[in-house]
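Colleague: Could you walk me through this structure? I would like to hear the reasoning behind each label, not just the label.

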Amino acid sequence: MRSPSYSGRHRAPGRHRAPRRALRVPTGLRAGFVLPGAAAAALVVTATGATVADSAPVSAAVSGARGANATGKPTTQETGPGELDRLEQEHDRLQHEQQREMQSAAAQSRVQTAHRIARTAERQAVAKKRAAEAVKKAEATRKARERWVMPIKGATFTSGYGWRWGRLHQGDDFGTPVGTPLASMSTGTVRFAGWEGGYGNKIEIQYWDGTVSVFGHLSRVDVKVGDKVAPGEVVGHSGNTGHSTGPHLHLEIHPDGGAAIDPAPWLHAHHLQ
Ligand SMILES: [Zn+2]
């Protein structure tokens with residue numbers, strides 16, 4: 001009752017069991033254990049201590065079995081069917097274990113790299129933000145320091161720069177009640193504070209850009225030479241002292257501390273009029 005198909009390896013239970021098993025097993029083992037060199041070394045290096053101890057004799061035993069097969073004289077003396085099954089399973093188990101370890105290590109490395117990149121990006125973003133804030137703050141500080149303001153607010157312009165009665169009127173006059181607070185026009189240093197002839201009580205301030213302002217006919221001086229003043233800071237009060245025909249502020253502008261100029265264009269250029 002034998003059909004040709006029964007001569008196949010899987011249809012002949014029992015009859016050629018030992019030789020068939022001996023021939024079949026090395027096919028699976030060749031992939032890993034039989035290969036010497038890098039593959040075996042990698043397995044030994046990455047496996048646990050116990051596995052390393054097991055793997056050495058396995059390689060030796062399988063190599064022996066393969067050698068016997070190559071001669072055409074199959075033998076199961078060194079590796080019986082049960083032993084080969086066990087070795088094959090052990091090989092698969094070790095291979096899977098190695099793959100899991102490598103995959104786990106690679107995944108861990110990727111996560112660490114991602115975290116490192118994220119941390120670096122975060123630090124750079126924070127540094128960039130702080131630098132931008134510092135620049136913004138410095139710019140705001142500079143703008144505040146270099147701000148220009150009028151010495152008095154709401155005063156009436158009464159007389160301008162120019163020749164009057166044979167002499168040069170070197171500034172602008174602003175009519176204002178005696179005792180009106182007078183402000184420093186920007187950040188600067190007091191160069192003169194006191195009485196001077198026709199000016200009466202007078203204050204000279206040199207500002208951050210070199211410009212000097214002169215306030216005349218004051219009723220009161222609230223600063224002294226060398227004082228540092230800020231934009232809008234009160235330095236004295238208006239009055240009617242010196243050669244004055246009525247309560248007003250006499251204002252002169254001296255670019256770079258030089259000769260007085262017509263204040264009107266300068267005030268306009270500084271957005272004060
Ligand atoms: Zn005047």
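Modeller: Gladly, and let us begin with the sheet that has 3 strands, in the order β5-β11-β9, an open sheet with antiparallel pairing. Please keep in mind that this is a predicted model.

Colleague: What makes β5 and β9 the edges of that sheet?

Modeller: β5 (181–183) and β9 (220–221) each have a single partner strand, so one side of each is left without a neighbour in the sheet.

Colleague: How do you know that β5 and β11 are paired?

Modeller: Pairing takes at least two bridges between the strands. β5 and strand β11 (residues 234–237) have 3 bridges, in the antiparallel sense, so they count as a pair. Within this pair, Ala183 stands opposite Val234 in β11.

Colleague: And what is the strand order in the open sheet of 7 strands?

Modeller: The order is β1-β4-β12-β8-β7-β6-β10, again with antiparallel pairing. Its edge strands are β1 (156–159) and β10, since each pairs on one side only.

Colleague: Why does the contact of β6 with β10 count as pairing?

Modeller: The cut-off is at least two bridges, and β6 is joined to strand β10 (residues 228–229) by 2 bridges, so the pair qualifies. The two strands run antiparallel, with Gly188 opposite Val229 in β10.

Colleague: What joins β6 to β7?

Modeller: There, 7 bridges link strand β6 (residues 188–195) with strand β7 (residues 201–207), and the two run antiparallel. Gly188 appears here too, with Tyr207 as its bridge partner in β7. The two strands form a hairpin with 5 residues between them, and in the turn Gly197 has a positive phi of about 45°.

Colleague: Lys202 caught my eye. Is Lys202 buried or exposed, and how do you know?

Modeller: Buried means under 20% relative accessible area. Lys202 has 3% relative accessibility, so it counts as buried. Lys202 lies in strand β7. Leaving aside neighbours within four places in sequence, Lys202 is in contact with Phe192, Ala193, Gly194, Glu196, Val214, Phe215 and Val221. Of these, Val221 is 19 residues away along the chain, and its C-alpha atom is 7.5 Å from that of Lys202.

Colleague: What about His254: buried or exposed?

Modeller: His254 has a relative accessible area of 14%, and with the cut-off at under 20% it is therefore buried. His254 belongs to strand β12. Not counting residues up to four places away in sequence, His254 touches Gly210, Thr211, Val212, Val214, Ala259 and Ala260. The C-alpha atoms of His254 and Val212 are 4.9 Å apart, although the two residues are 42 apart in sequence.

Colleague: Now the metal. Which protein atoms are donors of the zinc ion?

Modeller: They are His169 (NE2), Asp173 (OD), Asp173 (OD) and His250 (ND1), at 1.9 to 2.8 Å from the ion. Along the sequence, the donor residues follow the spacing H-x3-D-x76-H. His169 in strand β3 (residues 167–169) and His250 in strand β12 (residues 248–254) are 81 residues apart, so to speak a link between distant parts of the chain.

Colleague: Why is the site of the zinc ion called irregular?

Modeller: Four donors count as tetrahedral if all angles lie between 85 and 135 degrees. The angles among the 4 donor atoms here run from 52 to 159°, so the tetrahedral label is ruled out. For square planar, angles other than those of opposite donors must lie between 65 and 115, and an angle of 52° does not fit, so irregular is what remains.

Colleague: Are the two histidine donors buried or exposed?

Modeller: His169 is at 4% relative accessibility and His250 at 6%; the cut-off is under 20%, so both are buried. Asp173 stands opposite His250 in β12, where strand β4 (residues 172–175) and β12 pair over 4 bridges in the antiparallel sense.

Colleague: Finally, where does pLDDT stay under 50?

Modeller: Residues 1–9 are one such stretch, with 8 contacts beyond four places in sequence. Residues 19–23 are also below 50, with 9 contacts beyond near neighbours in sequence. The protein chain averages a pLDDT of 81, and 71% of the residues score at least 70.

Methods: Residues are numbered from 1 along each chain as its sequence is written. This is a predicted model: local features need pLDDT of at least 70, side-chain atom pairs count only at pLDDT 80 or more; totals for chains, interfaces and linings use all residues. Side-chain values use heavy atoms; hydrogens and water are left out. pLDDT is the predictor's confidence in each residue, from 0 to 100. Contact means heavy atoms within 4.5 Å. Donors are N, O and S atoms within 2.8 Å of the metal (3.2 Å for Na, K and Ca); water is not among the atoms, so sites may look incomplete. Four donors count as tetrahedral if all angles lie between 85 and 135 degrees; four count as square planar and six as octahedral if opposite donors are over 155 degrees apart and all others between 65 and 115; anything else is irregular. Buried means under 20% relative accessible area, exposed over 50%, partly exposed in between (1.4 Å probe, protein chains only).
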